[in-house]
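I am opening a fresh page of my notebook for this structure. Below I keep what I looked up, entry by entry.

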Protein chains: 2
Amino acid sequence: MTLADSAPKLGRKRDLSRDGEILLAALDVLAETGYDGMTIDMVAARAKAGKATVYRRWASKGELVIDAVACMKNANLDVDALPDTGTLRGDLIAMIKPHAIEDSERKLQVMAGLMSMLQKTPELVDAAHAAIIEPRARINRILMNRAKERGEIPADADTETLSLVGPAMAAYRTLMLRKPVDRDYLISVIDGVVLPALGLPRPPQR
Amino acid sequence: MTLADSAPKLGRKRDLSRDGEILLAALDVLAETGYDGMTIDMVAARAKAGKATVYRRWASKGELVIDAVACMKNANLDVDALPDTGTLRGDLIAMIKPHAIEDSERKLQVMAGLMSMLQKTPELVDAAHAAIIEPRARINRILMNRAKERGEIPADADTETLSLVGPAMAAYRTLMLRKPVDRDYLISVIDGVVLPALGLPRPPQR
DNA sequence: TATATACGGAACTGGAGAGTTTCGGATACA
DNA sequence: TGTATCCGAAACTCTCCAGTTCCGTATATA
């Protein structure tokens, strides 16, 4: 037996892909029923697994949820794949794709499901921030900083705050107002709030 | 016995002020622990009441919470008490008072505590909207429409959306980012987002 | 003072769910 | 084929809490 092998000695190897299926199931249940409404049986059933299998891999419901939230982080675009249309408006609107809207809504539902738990579990705040909040804001920040470099918007624009306007309005509309966040709404936020705040003229009409 | 008295026949009159104390206690617990973490014993203890007393007045935990949320609606300013400084910026900044910040934060904590319940209880969406969301947006809308009437901002400005920018940013910062919403932050949102989006120049510095 | 009512407190019931244990079956490896 | 390991299912324990019931007491009315 050579080294460089870190675990399996005898019998069947532990199936790591099973972990991912259970985490995905946990996210589904989390988004649908929230942390308190979620039971381990629900998660196990959705993953076609037994309750014991879940507890063989995570010590408690809380740790499962933390892992599930953390694993959302991976499903992200890399910087090179960002649109580059030449204008900030073009870039921001190119980011509005059906898939992105669905993904965002799901993340917000997960976040809503975690809300009650955030107060008691500080490490969940970090996990949720890294997996849900930051990736979304990061894209806007990059696009705005590009616009800054090419002189399209003032160099002293507060892109740190402005990159959060879209996400904040979408979260507010979804979670508080319970109204749909569709393409038209996102465009109206871009054209009616974000771009004017950056000193760019409103496009002709809408 | 004259008329104009609507109930008591014998014995002790039912103490209506007790209702209010219990509802206030329920809001405290709701803000601190959320709907699922809240127990009727907690509410009763905080109101120095017995559990049975609570159930004598509300049929279930859910109805108690709905009533508690609805009763937040009353603690609101009337339109005549709004500031009128002559400029939109002056009015918006005059609204930032320590009491208003605390009140707003408490409402957001209550809202966070309700989050998990909103999905299953549509009538709570309405109650929360009327008591928490709308009063805050309403003030901004009124101030902005005044500015519109006096010609300070364009007549076609989308005040419906812009009146939600402040509340949305505050909610996002409190509930998602878990950072403090203080006077400086609110001013930076007003000066960096809301006013520029309305075509008003940014004030000299900050 | 007498009485009816509402009170706070405490004991109780029933159900739901977290976490554990057991077991028969499937599967990878020798 | 034999064996060790992991699996899904189900039964189990234990705690917590919604909601109920009961009781001794306080108080407003008469």
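Does B:Lys48 count as exposed or buried? I looked this up first, keeping in mind that the model is a predicted one. B:Lys48 counts as exposed, at 74% relative accessibility, since the cut-off for that class is over 50%.

**Entry on the loop lysines**

I had turned to B:Lys48 on account of its backbone, for it has a positive phi of about 50 degrees although it is not a glycine. I noted for comparison that most residues other than glycine have a negative phi. I found B:Lys48 placed in the loop between helix 2 and helix 3 of chain B. In chain A I then looked up A:Lys48, which lies in the loop between helix 2 (40–46) and helix 3 (51–57) and has a phi near 50 degrees, again a positive value in a residue other than glycine. A:Lys48 is exposed as well, with a relative accessible area of 75%.

**Entry on the fold of chain A**

For the secondary structure of chain A I wrote down ten helices and zero strands, so that, as DSSP runs are counted here, the pattern read along the sequence is α-α-α-α-α-α-α-α-α-α. Chain A has 206 residues, and I recorded that 50% of them count as buried. Among the contacts in chain A with a separation of 6 or more, residues 24 or more positions apart account for 65%. The area that chain A exposes is about 10800 Å², and carbon and sulfur atoms supply 54% of that area.

**Entry on helix 4 of chain B**

I next asked how many of the ten residues of helix 4 (residues 61–70) of chain B are buried. The number is seven, so this helix is largely enclosed by the rest of the structure. The buried residues, as I listed them, are B:Lys61, B:Gly62, B:Leu64, B:Val65, B:Ile66, B:Ala68 and B:Val69. When I followed what they pack against, I arrived at helix 1 (16–37), helix 2 (40–46), helix 3 (51–57), helix 6 (98–118) and helix 7 (122–149), each of chain B.

**Entry on charges and rings**

In chain A, I found A:Lys61 over the face of A:Tyr35, at 4.4 Å from the ring centre. In chain B, I found B:Arg173 over the face of B:Tyr185, where the distance from the ring centre is 4.1 Å. I also looked for pairs of aromatic rings with centres within 6.5 Å, and the count over all chains comes to zero.

**Entry on the two copies and their interface**

I laid chain A on chain B, which gave an RMSD of 0.1 Å by a turn of 180 degrees with a shift of 0.0 Å along the axis. The two copies are thus related as by a two-fold rotation axis. The same surface serves both copies, in that 100% of the contact residues of chain A recur in chain B. Which residue of chain A comes closest to the rotation axis? I found that this is A:Ala197, whose C-alpha is at 2.1 Å.

For the interface itself I noted 32 residues of chain A in contact with 32 residues of chain B. The area buried between chain A and chain B is about 3200 Å², and carbon and sulfur atoms give 68% of it. On the side of chain A, the residues that lose the most area to chain B are A:Met115, A:Tyr172 and A:Met176, which together make up 21% of what that side buries.

Conventions
Residues numbered from 1 in each chain as written. Chains lettered and ligands numbered in written order. Predicted model: local features only at pLDDT ≥ 70, side-chain atom pairs only at ≥ 80, totals over all residues. Heavy atoms only, no water. Least-squares fit on C-alpha atoms with pLDDT ≥ 70 in both. Contact = heavy atoms within 4.5 Å. Phe/Tyr/Trp six-rings, centres within 6.5 Å; stacked < 30°, edge-to-face > 60°. Lys NZ or Arg CZ within 6 Å of the ring centre and 35° of its normal. Buried < 20%, exposed > 50% of the residue type's maximum accessible area, 1.4 Å probe, protein only. Helix = DSSP H or I, 4+ residues; strand = E, 2+ residues; numbered from the N terminus. Areas by Shrake-Rupley, 256 points an atom, 1.4 Å probe, with all protein chains shown as cover. Buried area = accessible area lost by both parts, 1.4 Å probe.
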